[in-house]
Amino acid sequence: LSLLSHKTPMLQKSITDEDIKITAKIKDFISSWKDKRPVEGNLDFRNVIKSLTLFQSSLTGLEKELGDIENAKQALEMPVRAEKALAPVKEEILGLQEVWEHLGKIWEA
């Protein structure tokens, strides 16, 4: 137990560093989403589906990474922030996937 208490500040620093990294990744992801989200009606259906799938995959990875960091913070009794920046992007991705799936039926007909 005493060995762990000696390492706690070092672990907290490491978690803080990882938190800073994930915050930057989230910011970059949101920026990329805003620039590249498929909202134009003249886009190729197959390319849009590929793009949405990639964004969804990246989002899922970020959510997992963020969850891991938040769990580590809780374990080390560090303040946990409620990250809400990804929620609207997730909603938009899911909404666009639904729209484009419906458009795809017309595209393929």
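**Close-up views of a predicted model**

**View 1. Phe55, a good place to start.** Phe55 is buried, with a relative accessible area of 9%. Keep in mind while looking that this is a predicted model. Phe55 belongs to helix α2, and the next two views show its ring partners.

**View 2. Phe29 and Phe55 form an aromatic pair.** The structure holds 2 aromatic pairs, and here we look at the one between Phe29 and Phe55. These two rings sit edge-to-face, 5.9 Å centre to centre and with 65° between the planes. Phe29 lies in helix α1 and Phe55 in helix α2, so their pairing ties together parts that are 26 residues apart in sequence. Phe29 is buried, its relative accessible area being 8%.

**View 3. Trp33 and Phe55 pair as well.** The ring centres of Trp33 and Phe55 are 4.9 Å apart and the planes stand at 80°, so this pair is edge-to-face. Trp33 is in helix α1 and Phe55 in helix α2, so this pair joins parts 22 residues apart in sequence. Trp33 is buried, with a relative accessible area of 1%. Stepping back, ring pairs link Phe29, Trp33 and Phe55 into a cluster.

**View 4. The largest nonpolar core has 21 residues.** Ile26, Phe29, Trp33 and Ile93 are the residues with the most contacts inside this core. Three helices each supply at least two of the core's residues: α1 (2–36), α2 (45–75) and α3 (86–108). Helix α2 gives the largest share, with 8 residues.

**View 5. Ile26 and its contacts from elsewhere in the sequence.** Ile26 is among the residues with the most contacts inside the largest nonpolar core. Setting aside neighbours within four places in sequence, Ile26 is in contact with Leu62, Leu66, Glu83, Ala85 and Leu86. Leu62 and Leu66 are good ones to find as you begin exploring these contacts of Ile26.

**View 6. Thr53, a partly exposed residue of helix α2.** Thr53 has a relative accessible area of 44%, whereas Phe55 is buried. A polar atom of the Thr53 side chain lies 2.8 Å from the backbone oxygen of Ile49. For a sense of scale, compare the positions of Thr53 and Trp33: they are 20 residues apart along the chain, and their C-alpha atoms are separated by 12 Å.

Conventions
Residues numbered from 1 in each chain as written. Predicted model: local features only at pLDDT ≥ 70, side-chain atom pairs only at ≥ 80, totals over all residues. Heavy atoms only, no water. Core = buried A, V, L, I, M, F, W, Y, C linked by side-chain atoms within 4.5 Å. Buried < 20%, exposed > 50% of the residue type's maximum accessible area, 1.4 Å probe, protein only. Helix = DSSP H or I, 4+ residues; strand = E, 2+ residues; numbered from the N terminus. Contact = heavy atoms within 4.5 Å. Polar contact = N/O pair within 3.5 Å; in protein donor to acceptor, adjacent residues only side chain to side chain. Phe/Tyr/Trp six-rings, centres within 6.5 Å; stacked < 30°, edge-to-face > 60°.
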